[in-house]
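Colleague: Before I rely on any of the labels attached to this structure, I would like to hear how each one is justified. Could we go through them one at a time?

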Amino acid sequence: MKSEDIDQLKDRFLKEVKKENSSKERKKICKRYIEEELSSVFCSLKNLSGERKAEIGKKANELRKLISDLLENEKEKVFQAEKEFDITLPGKNVELGSIHPITKLQKKCERIFLRMGFAIAEGPELENEWYNFDALNFEEDHPVREMQDTLFVKQKNREELPSQERFLMRTHTSPVQVRYMKDREPPFRIIVPGRVFRNEATDSSHEINFYQLEGLMVGENISVANFRSVVGYFFKELFDADVGIRLRPSFFPFTEPSFEVDVSCSICEKKGCSVCKKTGWIEVMGAGMVHPNVLRSADVDPSYFNGFAFGLGIDRIAMIKHKIDDIRLFYSGDLRFLRQF
Ligand code: DAH
């Protein structure tokens, strides 16, 4: 062994510790050099002649001192850091959020329909007039196309654009019926949960945005009886009660015939209460047999296929379920309200 070997060992050591930026790792390196590298140097000293032994021994001792000083220094640093971290102080309280009641209800509806073999589809919130109105058989002069009902997007020379290029915030989830069917082959069984927008002066039962759940089943020989059975099962599961279903004639441009669907009031069991306004029935969705023009818009041949569609307001169901009297609470961000769910 030569005295340069100790110089080299020192260089190697310094290089290694400088590269390391964790104190714990630096301590490990120091220990390794003392316990392994230097101790083998000291072992081999006995084989050397007097003079070399003294020279190399001195250098090795200096190196050991340097390393053990560094080790002490690192230990002190860790000790200081631990002193600064006062384990007796109370911890920072990280508050857990909770799932929004609308989301919770949406997920519950999804689970029920998934069990019946429905798939979940989605569509854009920024929609064009063709999907939102034309494809759904809305007349050119339908009142919902007016500025005061719908939130239109400002566009240059809007009037001159084709309806596929005139944008608006979708007023319902029904346009997804056509979007979904267009590039696919029947049969279809889907639900479409999503946010919709209306140009409303808000009050306790109207908001400028709310959530809907659209349903669509298209195939061969689908009947109103199939519809009754599907929604009957859905509402029984949703309200966890043996609720009855009632269909009343109605009108929607995209269904023929159209119905309003009522469920029997599970709160008073049809005896009459404030939720059902003493009628024993609660209006819960619009529905009907898909209009042949809607199937045509989606390139589905109405002479082979038919089906039913429905749309329910998730907010409205949540309000009935939890006896909430103001829809605006859902969008207020008020934690006193939200923490209850
Ligand atoms: N889109 C309707 C609305 O927003 C709800 C609706 C009614 C959807 C009847 C349907 C339906 O699919 O068949 O008021």
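Modeller: Let us begin with a term that will be needed at once: a salt bridge here is a side-chain nitrogen of Lys or Arg within 4 Å of a carboxyl oxygen of Asp or Glu. Please keep in mind throughout that this is a predicted model.

Colleague: What makes Arg-248 and Glu-283 a salt bridge?

Modeller: The side chains of Arg-248 and Glu-283 meet at 3.3 Å, N to O, and because the cut-off is 4 Å, the pair qualifies. Arg-248 belongs to strand β6 (residues 245–252) and Glu-283 to strand β8, so the contact ties together parts that are 35 residues apart in sequence.

Colleague: Why is Arg-248 called partly exposed, and what about Glu-283?

Modeller: Partly exposed is the class between under 20%, which is buried, and over 50%, which is exposed. Arg-248 has a relative accessible area of 29% and therefore falls in that middle class, and Glu-283, at 38%, counts as partly exposed too. Salt bridges that share partners also join Glu-129, Asp-134, Arg-145, Arg-158 and Arg-166 into one network, and the structure holds 24 salt bridges.

Colleague: What makes Lys-65 and Asp-69 a salt bridge, and where do they lie?

Modeller: The closest N and O atoms of Lys-65 and Asp-69 are 2.9 Å apart, which is within the 4 Å limit, and the pair is therefore counted. Both residues lie in helix α3 (residues 50–84), four residues apart, about one turn of the helix. Asp-69 has a relative accessibility of 41% and so counts as partly exposed.

Colleague: How do you know that Asp-299 and Lys-182 meet in a salt bridge, and which parts do they tie together?

Modeller: Their side chains come to 3.3 Å, N to O, and this is again within 4 Å, so the definition is met. Asp-299 sits in the loop between α8 (292–297) and β9, whereas Lys-182 is in helix α6 (residues 175–182), so the pair links parts that are 117 residues apart in sequence. The two residues are classed separately: Asp-299, at 57%, is above the 50% mark and therefore exposed, while Lys-182, at 25%, is partly exposed.

Colleague: Is Leu-71 buried or exposed, and how do you know?

Modeller: Leu-71, which lies in helix α3, has a relative accessibility of 9%; buried means under 20%, and so Leu-71 counts as buried. As for its place in the fold, Leu-71 and Arg-189 are 118 residues apart in sequence and 70 Å apart in space, C-alpha to C-alpha.

Colleague: What makes β7 and β8 paired strands?

Modeller: Two strands pair if at least two bridges are found between them. Strand β7 (residues 255–264) and β8 are joined in the antiparallel sense over eight bridges, and the condition is therefore met. Within this pairing, Val-263 stands opposite Ile-282 in β8, and Glu-260 opposite Gly-286 in β8. Strand β8 is also joined to strand β9 (residues 306–313) by five bridges, again antiparallel, with Leu-312 in β9 as the bridge partner of Met-285. Strand β8 (residues 281–290) is mostly covered, as nine of its ten residues are buried.

Colleague: Why is β5 described as largely enclosed, and which strands pair with it?

Modeller: Ten of the eleven residues of strand β5 (residues 209–219) are buried, so the rest of the structure largely encloses this strand. Strand β4 (residues 188–197) pairs with β5 in the antiparallel sense over ten bridges, where Val-196 stands opposite Phe-210 in β5. Eight bridges join β5 to β9, also antiparallel, and Gly-311 in β9 is the bridge partner of Glu-214.

Colleague: Why are β1 and β6 said to stand at the edges of the sheet?

Modeller: The open sheet of seven strands has the order β1-β4-β5-β9-β8-β7-β6, with mixed pairing. β1 (119–120) and β6 each have a single partner strand, so one side of each is left without a neighbour in the sheet.

Colleague: Finally, which residues form the negative surface patch, and is Glu-139 buried or exposed?

Modeller: The patch is formed by Glu-139, Glu-140, Asp-141, Glu-146 and Asp-149, and Asp and Glu count as negative. Glu-139 lies in the loop between α5 (129–132) and β3 (167–169); its relative accessible area is 54%, which is over 50%, and therefore Glu-139 is exposed.

Methods. Residues numbered from 1 in each chain as written. Predicted model: local features only at pLDDT ≥ 70, side-chain atom pairs only at ≥ 80, totals over all residues. Heavy atoms only, no water. Patch = residues over 30% accessible without salt bridge, like charges linked within 9 Å, V, L, I, M, F, W, Y side chains within 5 Å. Areas by Shrake-Rupley, 256 points an atom, 1.4 Å probe, with all protein chains shown as cover. Charge placed at Lys NZ, Arg CZ, Asp CG, Glu CD. Helix = DSSP H or I, 4+ residues; strand = E, 2+ residues; numbered from the N terminus. Buried < 20%, exposed > 50% of the residue type's maximum accessible area, 1.4 Å probe, protein only.
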